[in-house]
Every structure is written in C-alpha cells, then in structure tokens.
Amino acid sequence: MSLIDTARQTVGDTLRRHSIHKHRSRIGWQDAPRYTAYLKRARAAYAEDLPSLPTNLADAVSTFGKDGVTRFVTPATTTIADAMFARIKHREADGETLWADDDQERGQHNYNGNLWADFPEIENLFRGDLGTFLQNHFQAHFKILYGTLYRSVGSAAPRVGSQRWHSDSGPGICVNVMFYLHETKDVDGALEALPWDASQTIYDDEPTQLRSRMSAQPGSDRRTVMADYYDDAISQGYPSRVIEGSGAAGLIVPFLNNTLHRGGYPAPGHERTAIVFHCYPSHLPTDFARYSRDGIAKTVPYPKNPADEF
C-alpha cells in the first residue's frame, strides 16, 4: 500500500471513529450528523411537559441514557402482552395461518397480517408506559418507523445472520424496542445486548481487526469475519457486561440501534414470540391516526430523511 493510500485509510478510520463517538451511529460520518440535528429540532419543537415517570421507568430512562440498553416491565405491559398472546393462541386454535414461511432458513417466521389493526393493544402500549419512556428519553414526541411480530423456532443448527453479534448500523437516534408476549428464558431465545461504551470500544478496533483478518483469510465473507471478530471481542473482554433480555411476559427491552446485540436463538423444542419496533424522535405529535390507517409494516430499514412523517 502506498503512503497516500495509508494516509487516506488513516483519515477514513479517524472520521469513522469520531462519527461513531459523537453520533452513536455507524451509518457513516457524512450521513450521521443530520439525524443528530433532527433530534435537536424535535426537542426544540416539544412545547409541553414531559409525562411523569414512576420510579422503575425513571431508572430505565437513566440507565438507557448511560448504557444504550435497558429493560423494564410494568403491570400494564404484562396485561397487554397477555391479551395479545391469548389472541394469537385462540386464532391458532381456530386453524388460522398466522406465520409466513421461513424463507431465510433462520427459524424466524414473521406475522402475515396487519399488526396494528389486528392488535389494538399496541396503541395502548405506545400511549402508555412505552410512550412515556420514549418521550422522556427523546425529550420530544416520538414516531414508529415499523413494527414486526415474529416467532422464532428452536434449532440445533449454528447461529446465522442476526442471531450472531451485530449492529444494525442505522441512525444513532433510532431506538429498537423488543417486546415479549410471553415469559422468555435463555432457552427460549432471549435477546442479548452489549452496553454502548463496550460496543464503541469494539468498533474503535474494528477497521484494523477486519483488515488483518481478511488478509489472513482471503476470499472470506466479510460479514462472517466481522461476526467472528465481535464474538472474540465480547467473549474475551466483556462477557460480564452482556445484558440478557430474559423475563416475564410484557418485558420491554429498548436498545440503541447501533449497540452490539444478537437476536434470540431458542434451543430445540423452544420458541419465542416477540415484537420489535424501530422508534424515532418526532417534531410533531405521534400520529396514531396514520398507524390506524396505514399500519406499521416495514418498508425501509431507516428513513433517509428523519423529518419525514411516519
């Protein structure tokens, strides 16, 4: 490699590292700032008092601000989860086909209906404790880019794709929210996430590590090599920092889009039914009428313009 190429590489690594530290995003140093700027705009537009926080939600907001991941459950979220899961079981007992085929061979079957219309409890969730958490975290209104209900089925096959450690690499202002519809234990495939400070340290070393590993394994799949690096870094340096998302029905696990995490991987004979939402700050009040009209199905991985209404 020439001196010029080496210099460009060094500058690129520095810009990348600075952007991740400042914007909590791996989306790229040219794109990440506009999402941070939009969060400031949304906060400036928020003219009302933030909803009051009971102690457990106040603790969750504080922990999330520090670690980029937290967990909480309330009587209301448990009631909502129980009602939704009971409806699923009733519909399955009536012979309805609720789940799409697993077209990626990873044991995940997505719900094939209109999530928002079929489960009105979701609006209560966002008008209640989850919405209270999001508003207090963003210090602004919030909006829902999408929600996906799915069932993960246990398998003895090796972990693949999102079942391995990874980052979603989207905007730093995006909050992923996992919502469990039934009690979920480790064997059922509970989410695992690494706090932001540890994730960030691993990202700092990632460019050097990937170049070294790709050089030693020519022709290897880059995503596989990256996942191997994450596995090694977490198992060797941060095993005690991993936050496990096991818990009761109604457990909510918010985590920053760019924290290192891996999806549930149920053991053979076990399964997990959960919803993941991607939520953003908004400069306008939450448009629940839009969700009732259009639903919240996934159409894009993240908004190119964070000010878009969704």
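**Exercise 1. Look just past helix α7: which residue there takes a positive phi, and how covered is the helix?**

Step 1. Just after α7, the residue to find is Gln139, with a positive phi of about 55°. Gln139 isn't a glycine, yet its phi is positive.

Step 2. Now place Gln139: it sits in the loop between α7 and β2 (141–153). Helices here are DSSP runs of H or I with at least four residues, strands are runs of E with at least two, and both are numbered from the N terminus.

Step 3. Check the cover. Gln139 has a relative accessible area of 43%, so it's partly exposed; buried means under 20%, exposed over 50%, and partly exposed in between, with a 1.4 Å probe and protein chains only.

Step 4. Turn back to helix α7 (residues 129–138), where nine of the 10 residues are buried. Among them are Leu130, Phe133, Leu134, His137 and Phe138.

A word on the model before you go on: it is predicted, so local features need pLDDT of at least 70 and side-chain atom pairs count only at pLDDT 80 or more, while totals for chains, interfaces and linings use all residues. Residues are numbered from 1 along each chain as its sequence is written, and side-chain values use heavy atoms, with hydrogens and water left out.

**Exercise 2. Work out where Ser19 sits and what Ser19 touches.**

Step 1. Find helix α1, residues 3–23; Ser19 belongs to it.

Step 2. Is Ser19 buried or exposed? Its relative accessible area is 3%, so Ser19 is buried.

Step 3. List the contacts (heavy atoms within 4.5 Å). Skipping neighbours within four places in sequence, Ser19 meets Arg24, Ser25, Gly28, Trp29 and Ala32.

Step 4. Follow one of these partners, Arg24. Arg24 lies in the loop between α1 and α2 (32–45). Phi of Arg24 is near 55°, a positive value in a residue other than glycine. With 23% relative accessibility, Arg24 counts as partly exposed.

**Exercise 3. Find the largest nonpolar core and explore the surroundings of Phe179.**

Step 1. Start with what counts: a nonpolar core is a set of buried Ala, Val, Leu, Ile, Met, Phe, Trp, Tyr and Cys residues joined through side-chain atoms within 4.5 Å.

Step 2. The largest one has 54 residues, and Phe126, Phe179 and Phe277 have the most contacts inside it.

Step 3. Zoom in on Phe179. Leaving out residues up to four places away in sequence, Phe179 touches residues including Thr77, Ile80, Met84, Leu125, Leu251, Ile275 and Phe277.

Step 4. Apart from the largest core there's another one, of 17 residues, with Trp196, Ile202, Tyr203 and Val225 among them.

**Exercise 4. Zoom out: how many helices and strands does the chain have, and what is its radius of gyration?**

Step 1. Count the elements: 10 helices and eight strands.

Step 2. The radius of gyration, taken over C-alpha atoms, is compared with the globule rule: 2.2 Å times the number of residues to the power 0.38. The chain's value is 20 Å, close to the 19 Å that the rule gives for 310 residues, so the chain is as compact as a globular protein of that length.

Step 3. For the overall dimensions, the C-alpha atoms fill a box of roughly 65 × 50 × 35 Å along the principal axes.

Step 4. Finish with two points: the C-alpha atoms of Pro54 and Gly161 are separated by 37 Å, and these residues are 107 apart along the chain. Pro54 lies in the loop between α2 and α3 (55–67).
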